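Trainee: I would like a close look at a single part of this protein. Please pick one residue, follow its contacts, and then move on to the core.

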Amino acid sequence: MNASLLNPFTVTHPTAVQTSLVSGASFARFDPTGKFVAAGRSDGSAAIWDLDTRAVIRCWSRNSRYVLTSSKDWNVIIWDLASPVDPPQRYNTIRFDAPVVSAYFHPRNSRIVLALLSTGEAYVVDSRKEHRARVELCEALSEDDDDERARSIMTTARFDPSGRHVFVGTSTGNVLVFNSRMKIMVARHRIAGAGSMKSLEFAKVGRRFATNSSDRTIRQFILPTYPSPIVGAECAILETELEPTHRFNDPISKVSWHAMSYSPDGEWLAGGAADPATHKIYIWDISNDGQFATALDGGREPLIDIHWHPQASRLASTTNQGSVLIWHCPSPERWGAFAGGFEEADENVIYEEGESEFDINEVELAMRKKLQEDEAVDILGGVDDLVDHKMNGVAGDPGDEDLEWADDEPDDDWQGWRLKVIMVDDDDAY
């Protein structure tokens, strides 16, 4: 649908299923441009779809050139989608000593990877030549701490949107904050009554931060600011108990939550219910004091994961049978937006054509044809203009050491790279 026909003042949440992608997926993620959706499968493979054509692209760093996969075979693999071969070429393989639970690119450099292992350990792996290292993130213990706290397990880990910090949730209900550059802990936040942390989520704008914990409650917080540590100086650890601005739960069925995701503007929060009988997505209006907005029903296949589109009012939810549901918000066409004097007719009317009103100017037509013939056509390159020419993350001051560290030795995920598109028949896609 032509975006110019939509009401530009209508900003809302998804309300209906637009399409269903049968893939055998365990989870799905939009790429940063919002043009593709990738699904990780239980057999260890991954598939990528073009959302416009619904076709499988065989073969997401900030410009979507690289795709990162992690699995229980102890490997984290970075795939280069710009490679001319099918399947895509492995750009890098990072091997660990235990199954990998999750892995994430640094928001500003895909050569920096955060990985969480099933043994409860988190690592930051830097593959740049001048910074090559694999560092475990260790919780700093005070003199009053006993060995019991030392055995707390790291259950979830994420970079924040700027990439300055790594947030780690533990089995004891704490959120640990590490500086990405120095790999040292700068804060420990206690969350009363939360229990074990299941997942963390950040709004792309502002300082909103949400946790999903074993007490079946999603909590939202406003994060404080953290000073950047100085090399060689002792870093004071910020010890606070975070007080949530909102608590989200289902007071009737008391279900727990599989996943959560913020809208691009951070004004909506979606929670995927861990209901064994239905596919339910709850949406809350953060801008309206966290009021419950609606519940989306996706049928009888239980939900296991959700992800909000990075730019539009769309959601991708994954069922336990492997289908990926793409949700959208149907909008009426508004043809009156074309011109001030345009009028929409309720029924067909007979139009009387004026003399020479639609006559074709042969000279103009010939000139238009000549310009089209002279235009160069790329029949080998692939898909162009994949990216919105904006950098993810937060712009910093020129003297910001944390961001300068991340931007040192930049990756090859440059704007304007080309994706080799290979179309396959539906029978071969899965």
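Mentor: This is a predicted model, and its protein chain has 4 helices and 28 strands. Buried residues account for 44% of the 430 residues. The accessible surface is about 23,100 Å², and 50% of that belongs to carbon and sulfur atoms.

The part to look at is Asp400. Asp400 sits in the loop between helix H2 (362-374) and helix H3 (401-407). Its relative accessible area is 16%, so Asp400 is buried, the cut-off being under 20%. The side chain of Asp400 has two contacts to follow here. One is a polar contact of 2.7 Å with the side chain of Arg164. Along the sequence, Asp400 and Arg164 are 236 residues apart, yet their C-alpha atoms are 9.9 Å apart in space. The other runs from the side chain of Asp400 to the backbone nitrogen of Leu403, at 3.4 Å.

Arg164 also leads to Phe178, since Arg164 is among the residues in contact with Phe178. Others on that list include Leu137, Met154, Val166 and Val168.

Now the core. The largest nonpolar core holds 16 residues, and those touching the most other members are Leu114, Leu137, Met154, Val166, Val168 and Phe178. Two or more residues of this core come from each of strand S10 (109-117), strand S11 (122-126), strand S13 (154-159), strand S14 (165-170), strand S15 (174-179) and H3. In soluble globular proteins, nonpolar side chains tend to be buried together. To return to the start, H3 is also one of the two helices that flank the loop holding Asp400.

Definitions and conventions: Residues are numbered from 1 along each chain as its sequence is written. This is a predicted model: local features need pLDDT of at least 70, side-chain atom pairs count only at pLDDT 80 or more; totals for chains, interfaces and linings use all residues. Side-chain values use heavy atoms; hydrogens and water are left out. Buried means under 20% relative accessible area, exposed over 50%, partly exposed in between (1.4 Å probe, protein chains only). Accessible areas come from the Shrake-Rupley method with a 1.4 Å probe; for residues, only the protein chains shown count as cover. A polar contact is a pair of N or O atoms within 3.5 Å; within protein, one must be able to donate a hydrogen and the other to accept it, and residues adjacent in sequence count only if both atoms are side-chain atoms. A nonpolar core is a set of buried Ala, Val, Leu, Ile, Met, Phe, Trp, Tyr and Cys residues joined through side-chain atoms within 4.5 Å. Contact means heavy atoms within 4.5 Å. Lists of a residue's contacts leave out its neighbours within four places in sequence.
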